[in-house]
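Thanks for sharing this one. Here are a few notes to read alongside the coordinates, beginning with a single residue and working outward.

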Amino acid sequence: MRRNAPVIDGSAAELADQLDAVTLGQFLAALPADVAVVHDAGNRHAPLRWVEPSELEDPTPYLLDGEFVLTAGLPFRQGSTGRKDDGGNTAGSDGSGSRAGADEYVRRLVAAGVAALGFGLEPYYDAVPGDVVAACRDHGLTLVEVPASVPFAALGLEFSKLLESGNAQVFRQLAETNRHLMRAVLSARPEHELLSALTQRVPVWAVLVGADGRMRARAGAAVELSTLQPLLKRLLAGSGPRVETEAFDVPGSALVFGHPLRSSRDATLGGLVLGADRPLTPAQNSVVSSVVGLLELLVRQRTSGSLAPSQLATALLLHPESLAGGSSRELNSMRDLLAQSVSGTRTGPVRVIQGIRTEAAAAADSPVRELLQWRRLFDTKMVELTGYGFAAVTRLKVDEQLLAEVEQLGWRLVVGQPAELPGLAAAYRRATALRPRVSATGRSVREEELTWSVTGLLGSDAGAMLAARLLAPVLDQEPERRASQLQVLRSWLAANGNWDATAKDLGLHRNSVRRQVNALAELLDMDLGQASSRAELWIALQFAGSTAALDDVAGSAQASQDR
């Protein structure tokens, strides 16, 4: 007989059932009222894979674990009590051969993992044979009587409906479970909370060990660590993806399996050992895989020198697309985490900092030293190493002294404006948008000092380069001629191309304005009838507003041409 399910609290048992697509109990509850349970083996929580009609004397070679077998009793017709004769009357029998046949039939079904047997009345029997009932009781197989009014096809259709709705429910439960796991990762003790979340969602006990074989965390009624030593020895000594298995004759440990936690170079950094009394469903195995992945990420970050909770929390806070919206309680918990991580005790505005590595920056001895350096300078644990350099969340204002210290190390910064927790992701995106400007100019940027316009975001250096490129034919002329043409161009663009308004502004005849603008279009080799061309020229003119500025820009233009 199969072992009973492990003893877990009501809420955990309910969650575990929700992660089974369809259980035997759910299927029985959905059947018509005249379908009667003759013998209940107490396995209503068992997952049901399929409903399979069969009249073979031995259908087990064609069955999968967890099926509901339906029969009209053809395998029991030889001498079975309750069999009808050719006239439709029930025939008597001593039952000696029938009892042995029924016992063997049911024994094979149980050995094949069948969840229940459905016995259909008509056309062969008007009651379930007593030998079949006795065999099901002896071997612990749930037996269901199906009246002639309920065809087998109707049972299969009902199961299909449950299976379809059950799959949708599983997806919803898995989404909620993943959110629960993410909240566990953000806690002060992520490994302990992850194991606790796992045992709440899946009927298992769990033990987490390090590479040295010592226990780091546990949840549920796990066996003693000394009992697990043979399995741990194989688990920690092996390599590559694998699952080590074991079995113990104690409640909750009929199936024990160990998952390695591996580094990116396949070194075993620890292991997760789980125990259960029955095989897990595909949905439950999916939850286990998620937990293994998160634990592997935590242990990789810890062994590479970064502190897993803070760096992982940083990534999740700055990239919230990996998190679903939470309750106000969850948001308060994250605010507390943020306050603790930026070396404070109270919540308050913080800044997103992005550091961009330049060619002058010295190579770090190791990621550990680099991470600790930025944590020290910005007085925060919220630091994430990135491909371009680093991102940090700090409560510091980043004064000129701190900025100078960072720049002396060969780094440039994007310093964001103060932000609260809900606006942290938006602050990160704004800092990301400013990063190309820092890379192009080689200068640090403070978001609060920027003018949020095209010219403000472009900056003086990039603006001068744009002016030098677009206005080069004009800037190469004599100063007097150059100033006159730029004045005409600026006035005409400011008047949105209106000839009369431009003529009035310049004190010229409109035909003179038209002639000079046409000459400028030919000189610049641009179609001034296109809005995009006029917009580019207007922006370029913002960086060529005075004679001194024009000389600087002209010098830049000449240097550009010389190159």
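1. A good place to start is L274, which touches L198, V204, W205, A206, L255, V256, F257, H259 and V288, leaving aside residues up to four places away in sequence. Please keep in mind that this is a predicted model.

2. L274 is also among the residues with the most contacts inside the largest nonpolar core, together with L194, L195, L198, L272 and L295. That core has 28 residues. At least two residues each come from α5 (152-185), α6 (190-201), β6 (205-210), β7 (215-219), β9 (255-262), β10 (268-276) and α8 (282-303). The most generous contributor is α8, with 8 residues. A second core is separate from this one and has 23 residues, including V488, L493, L520 and L537.

3. Do have a look at D277, in the loop between β10 and α8. Is D277 buried or exposed? Its relative accessibility is 10%, so D277 counts as buried, the cut-off being under 20%. The D277 side chain reaches the backbone nitrogen of G252 at 2.9 Å.

4. Next, the open sheet of 5 strands: its order is β12-β13-β11-β14-β15, and the pairing is mixed. At the edges are β12 (383-385) and β15 (445-446), each of which pairs on one side only. Helix α11 (residues 367-377) packs on this sheet, where it touches β11 (351-357), β12, β13 and β14 (411-415). The direction of α11 makes about 145 degrees with that of β12.

5. For the pairing at one edge, β12 and β13 (residues 389-394) run antiparallel and are joined by 3 bridges. Here L385 stands opposite F390 in β13.

6. How is β14 placed relative to the rest of the structure? Of its 5 residues, 4 are buried, so β14 is largely enclosed by the rest of the structure. It pairs with β11 in the antiparallel sense over 5 bridges, and G355 has L413 in β14 as its bridge partner. With β15, in contrast, β14 runs parallel, joined by 2 bridges; V415 stands opposite R446 in β15.

7. One point I would check by eye is the connection from β14 through α13 to β15, a β-α-β crossover that is left-handed. Helix α13 (residues 424-441) lies across β11, β13, β14 and β15, and runs at about 30 degrees to β11.

Notes. Residues are numbered from 1 along each chain as its sequence is written. This is a predicted model: local features need pLDDT of at least 70, side-chain atom pairs count only at pLDDT 80 or more; totals for chains, interfaces and linings use all residues. Side-chain values use heavy atoms; hydrogens and water are left out. Two strands pair if DSSP finds at least two bridges between them. Contact means heavy atoms within 4.5 Å. Axes are lines fitted to C-alpha atoms, for helices over the stretch in contact, and angles run from 0 to 180 degrees between N-to-C directions. A nonpolar core is a set of buried Ala, Val, Leu, Ile, Met, Phe, Trp, Tyr and Cys residues joined through side-chain atoms within 4.5 Å. Buried means under 20% relative accessible area, exposed over 50%, partly exposed in between (1.4 Å probe, protein chains only). A polar contact is a pair of N or O atoms within 3.5 Å; within protein, one must be able to donate a hydrogen and the other to accept it, and residues adjacent in sequence count only if both atoms are side-chain atoms. A crossover is right-handed if, with the strands pointing away from the viewer, the path from the first strand over the helix to the second runs clockwise.
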